Amino acid sequence: MSATTKVNLLDFDRAALEAFFVDLGEKPFRARQLLQWVHQRGVTDFAAMTDMSKPLRALLAERCMIHTPRVLEVQDSNDGTRKWLLGVDAADNAIEAVLIPEKDRMTLCISSQVGCTLNCSFCSTAKQGFNRNLTTAEIISQLYLVQRTLLAEGHQQGVTNVVMMGMGEPLLNFAAVIAAINLMCDDFAYGLSKRRVTISTAGVVPAIERLAQVTDVALAVSLHAPNDELRDALVPLNRKYPIAELLRACRAYIDGYNRKITFEYVMLAGVNDSLEHARELVDLIRDLPCKLNLIPFNPYPHAAYRCSEQSAIDAFRDYALGRGVITVTRRARGDDIDAACGQLVGAFQDRSRRSRKYQLGLDQIEGVRLAQ
Ligand code: SAH
């Protein structure tokens, strides 16, 4: 039997694995054992999974595989940031994952799609077009591979935080992203607290509503503009889901939780960075529990924008802070290896499929399976 016809067990969260084992006539607790072997111990050889019976191990070896993307390249930045280029299939599609070490945490920024459909005017991923959604296995493999590397290098803890801020719009790949998140937060896999897993979205309102029904991981929203006219131009998805609707969905998402939404706001010189914009923005968000994250624009070849002056960023921040909005400026990390926000491009073949648009993802929102 060729490898490609086997079931990739990295595609399964615990609930899916339990169903899989029950189908084999086994007890559901086999799922927990399997998760620990694979995600915690990094064991891929079924024969070594000694708490399973020999016939079961043989059956798994015959029918299943633990298959991750290929590591094509690892680049180290001067500031400690590390970028993985991962080949996701034979068709030369590649994605990027970025590890950002800080004093008290190791944050991994991961991708959810090959390319992106949303075409935000300032983002270099957008310029690449859209090829396809990543599978659950391809999403969780980014964490799996980086975690294996860190542990092999002697790090005690490995990755402490995951942000879905790499390539793609996570909420347009809903089912696969939820299953991957289930694995990240599962005590038998990575055991990350839901506060340490962040989904970043450009504002797919129905998917935010659906998300609230299945999880309460941290939510970051790429706002970037304080009014619909400007946001329509920067984030075309706004034409479908304008700011008022988006903020309603944000409010509902944290309703009943002691949580804050993070608003991301990329600082574009002369476009959205004046004190007038700051005033408009503060009026919009100040009565919502939130944090404001100012992102200095990271340039790339042929970009149509420049980053705001430091003085403009500081003035914007100080204005928001002065009106009670918790505001931080994100430090650019890994820009010498093109690993900073908006610089991830991966590589892929088919750049012509953006017209299938949001439908691809939105269809999936219905009928997503609830998992623990
Ligand atoms: N699609 C999701 C996640 C991917 S982008 C989203 O829109 O949130 C992660 C963050 O980087 C977003 O806030 C995005 O707007 C921002 N970004 C994109 N290009 C950038 C650039 N060139 N400089 C700085 N931030 C950028």
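**Group meeting talk: strands, salt bridges and two unusual loops**

Let's start with aspartate 216. Its relative accessible area is 13%. The limit for buried is under 20%, so aspartate 216 counts as buried. One word of caution before I go on: this is a predicted model.

What does aspartate 216 meet in a salt bridge? The partner is lysine 194, and the N to O distance is 3.3 Å. Now place the two residues. Lysine 194 sits in the loop between helix 6 and strand 10. Aspartate 216 sits in the loop between helix 7, residues 205-214, and strand 11, residues 218-222. They are 22 residues apart in sequence, so the salt bridge ties those two parts together. Aspartate 216 is buried. Lysine 194 is partly exposed, at 35% relative accessibility.

Stay with strand 11. How many of its residues are buried? The count is 5 of 5, so this strand is mostly covered. Now look at where the side chains point. Ala218, Ala220 and Ser222 go one way. Leu219 and Val221 go the other way. Each of these five is buried. Here is the general rule behind that pattern: in a regular strand, side chains alternate between the two faces of the sheet.

Strand 11 has a partner. Strand 10 and strand 11 run parallel, joined by 4 bridges. For a marker on screen, find isoleucine 199: it stands opposite leucine 219 of strand 11.

Next to another pair of strands. Strand 12 covers residues 261-267, and 7 bridges join it to strand 13. These two also run parallel. Strand 13 covers residues 290-296, with 6 of its 7 residues buried. Which residue of strand 13 stands opposite threonine 262? That is lysine 291.

Lysine 291 shows up again at the surface. Together with Arg105, Arg196 and Lys260, Lys291 forms a positive surface patch. Take Arg196 from that group. Arginine 196 lies in the loop between helix 6, residues 174-185, and strand 10, residues 197-201. Its relative accessible area is 35%, so arginine 196 is partly exposed.

Back to salt bridges. How many does the structure hold? The total is 15. I'll show you a few.

Glutamate 264 belongs to strand 12. Its side chain meets arginine 330 in a salt bridge, 3.3 Å from N to O. Arginine 330 lies in the loop between strand 14, residues 326-329, and helix 12, residues 359-365. The two residues are 66 apart in sequence, so this pair ties together separate parts of the chain. Buried or exposed? Both arginine 330 and glutamate 264 are buried.

Now arginine 132 and aspartate 89. They form a salt bridge, and their closest N and O atoms are 2.7 Å apart. The pair links distant parts of the chain, 43 residues apart. Arginine 132 is in strand 8, residues 130-133. Aspartate 89 is in the loop between strand 4, residues 82-87, and strand 5, residues 94-101. Arginine 132 is buried, with a relative accessible area of 18%. Aspartate 89 is at 22%, so it counts as partly exposed. The cut-off for buried is under 20%, which is why these two get separate labels.

Salt bridges can also link up. Asp76, Arg82 and Glu153 are joined in a network of them.

Now the backbone. Most residues other than glycine have a negative phi. Here are two that do not. Asparagine 119 has a positive phi of about 60 degrees. Histidine 302 has a positive phi of about 65 degrees. Neither asparagine 119 nor histidine 302 is a glycine.

Where are they? Asparagine 119 is in the loop between strand 7, residues 113-115, and helix 4, residues 124-127. Asparagine 119 is partly exposed, at 34% relative accessibility. Histidine 302 is in the loop between strand 13 and helix 11, residues 310-322. Histidine 302 is exposed, with a relative accessible area of 83%.

Last stop: methionine 65. Methionine 65 sits in strand 2, residues 64-65. At 18% relative accessibility, methionine 65 counts as buried. How far apart are methionine 65 and threonine 5 in sequence and in space? In sequence, 60 residues; in space, 9.5 Å from C-alpha to C-alpha.

That's my tour. Thanks for listening.

Notes. Residues numbered from 1 in each chain as written. Predicted model: local features only at pLDDT ≥ 70, side-chain atom pairs only at ≥ 80, totals over all residues. Heavy atoms only, no water. Patch = residues over 30% accessible without salt bridge, like charges linked within 9 Å, V, L, I, M, F, W, Y side chains within 5 Å. Areas by Shrake-Rupley, 256 points an atom, 1.4 Å probe, with all protein chains shown as cover. Salt bridge = Lys/Arg side-chain N within 4 Å of Asp/Glu carboxyl O. Lys, Arg positive; Asp, Glu negative; His and termini not counted. Charge placed at Lys NZ, Arg CZ, Asp CG, Glu CD. Buried < 20%, exposed > 50% of the residue type's maximum accessible area, 1.4 Å probe, protein only. Pairing = 2+ DSSP bridges.
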